[in-house]
Every structure is written in structure tokens, then in C-alpha cells.
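Open the model in your viewer and switch to a cartoon view. The tour below moves strand by strand, then to the helices.

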Amino acid sequence: MLSRRNLLGAAAGSLLLTACGTAGKGRPKLRVSITGKGDGDTRLLFKAAGIQPSGFDLVYSEFQSGHLVVEALNGGSLDYGGMSEIPPIFAAASTIQSFRQIAVAHGDVNNQVVLVPRGSRARSIADLKGKRVGYVRATTAQYFLIRMLEEVGLSWDDIIPVAMGVSDGAAAFSQGALDAWAIYGFPIQRAIATEGARILRTANGILSGNYLVSAHVDALADPDKAAIIREYLALVQKGFGWAAAHQDEWAGIVAQDIGVPRDYVLDQFRRKSATYELRPVTPEAIGSQQQVADVFFKAGLVPKRVDVRPLWDARFNDAIPKRG
């Protein structure tokens, strides 16, 4: 079970603040999270697409996972952050929720997988019984691993779950300390390209593809900051549109950023379950997160049943343009 002390320590240990190069004195600023590298890095996307905000500057903070983004929002060091459906559920089970979920970034779930190392004899999730499986706590990795085990008649207690951050997981997997690794994003392509890792199963059919856009309650209460968030949402949608229309070019940029051959990223792009786009808050999106919350409660991983509805705020629904 996550403790606030552990999360604060992890956030302090992994947070890296970087201001954008165009920051000017006196201009308003939006403090935005970046989780991971490559395809998930908005800075990289904006640079590739030639997108630059007018009238405000962006101050980026880097995180390894969404639960650290939630902790930063709750701590007041972010205005705007992205994460999966899972981290807010743990926050909702606690006493502090200083953010609201204002939009959905719908996208790929085939880049969320269980990896096995070169030479592994595992051919299905059932083969992981009694094995050491790494995962990132309070993220999609933990959720889809629970669901995959259930599908083959196994429980959390049938494996040796090893909770660790992304970089520690990558090191453990590379050194042979894990029999499998439930992970997401750019470490997948890197492990396949450099270590001969193999995808045992993707999260397609388990995850909804909904990644949540959240904002701090103080930013939402400030009319000027709320107006900036409104404009930023439109810029993000524009960036997603550029990426969808320039997949080959984008793959080359991402490959260079994460340090793997372009063909590996192109292969991942071709296997995408969906290309990214912003979507408004809907009853379906709220219901999807509620289903996830109920799974964690049933598994005994949150202390009480969580109602996710109070976390949502639909005020920006009219600010999300259709993706170009």
C-alpha cells in the first residue's frame, strides 16, 4: 500500500525541473508535467510540430510515472499534469485530492506490455506463476498485470510481484533479476532493441486507452490560469494531429530521443491500437475509471471503495477542438 511519505520521497528523488528556453520575465507560466521520453514528451512533440504558445511560457517537470504527477499536483508544484486512470484512484482513497480531471488523452494501449527477457521459456501469462515480475506501483502496469493474471486463473499472490520505478525496473530486467516486467512506453523498444526482450502480452483488450489530463484546483479557480489551460489544450490537440499526420517523421524523432533504431519505433507505431487525441469529459470516461477503481478495491490494494465522480470537471469540454 502506498504511503504519503514514500510518495513524497520518491517525488523529491525523481523530479527534475526544466524551464522552456523562451521563458520571459513577467509572462504568465503554466507548470506542466512530462512523463517519460519519446512519444510521451510534449516538449519534443511541440518542437517537431513547430508549436509555441503565445502570451505564456511553459515550465516543465519530468516524472517517471503518473502517481508522482498526482503527488506533485497534490503538493502544489504543478498546474497541469497527465497520468493514466490509476494514480488518481489512490489519491481519491486518501484525504488529499488537490486536482480535477479535465480531459481525456485517448491513445495507444499496445505500448503497455509484459516483457520477458531473451531466452525466456514463458509463452503465456500462466507461465509466470511463482516468477518474479516487476511493475510500477499505482500505474497501468499494476492494473493490467492484475487483470492478465485473473484471465488465466491466477491471483496477485501466485507471482512474486516486485514494485520498482521505471529506471530501477529497467536495470533489474537488464541484469536478469526479473523473470518478466510489466511496463509502458519507451523502455519497451529499448529493451527489445538492445537486449532481445520479447513481448509476452500487450494490454490491448484490458486498458481503455484513456489517459487523464488534470489541473490543480488553484489553477482552475484562477480565471487567468484557466484561460491559459484552455489555450494549452488546443495546442496539445494540434500537436496530436501533427503526429498522426507525420508518423514516419515523428518515429525518427522519437527513435533519436530514446536511443533506438528508427525501425523499432516504426514497428511500434504500426501496432498502435489508436493514435492520440484529446477527448472531452463524458459519462463513459468516468465509468471507465470507476471500473478500474473497483478492480483495485476488490484486489485489496485500496483501503475503501472509491467514487471517482468528484474528481472530474467538464468545464473545458468546449475548449477541445477536433483533432486535425
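Two strands count as paired here if DSSP finds at least two bridges between them. This is a predicted model.

Select strand 6, residues 112-116. Strand 6 and strand 10 run antiparallel, joined by four bridges. Pick V116: its bridge partner in strand 10 is R198. Now look to strand 9, residues 180-184. Strand 9 is also antiparallel to strand 6, again with four bridges. Here V114 has A182 as its bridge partner.

Stay on strand 6 and show side chains. In a regular strand, side chains alternate between the two faces of the sheet. On one side of strand 6 sit Q112, V114 and V116; on the other, V113 and L115. Are these residues buried or exposed? All are buried, and both faces are covered. Because five of the five residues are buried, strand 6 is largely enclosed by the rest of the structure.

Zoom out to the whole sheet. It is open, with five strands in the order 8-7-9-6-10 and mixed pairing. Strand 8 (160-163) and strand 10 (198-202) are the edges; each has a single partner strand, so one side of each lacks a neighbour in the sheet. The twist averages 30 degrees from one strand to the next.

Go to strand 7, residues 132-135. Strand 7 pairs with strand 8 in the parallel sense, over four bridges. Y135 stands opposite A163 of strand 8.

Finish with the helices. Select 166-174: helix 6 lies across strand 6 and strand 9, at about 145 degrees to strand 9. Then select 186-195, helix 7. Helix 7 packs on the sheet and touches strand 6, strand 9 and strand 10. Its direction makes about 135 degrees with that of strand 9.

Notes. Residues are numbered from 1 along each chain as its sequence is written. This is a predicted model: local features need pLDDT of at least 70, side-chain atom pairs count only at pLDDT 80 or more; totals for chains, interfaces and linings use all residues. Side-chain values use heavy atoms; hydrogens and water are left out. Helices (H or I, at least four residues) and strands (E, at least two) are DSSP runs, numbered from the N terminus. Axes are lines fitted to C-alpha atoms, for helices over the stretch in contact, and angles run from 0 to 180 degrees between N-to-C directions. Contact means heavy atoms within 4.5 Å. Buried means under 20% relative accessible area, exposed over 50%, partly exposed in between (1.4 Å probe, protein chains only).
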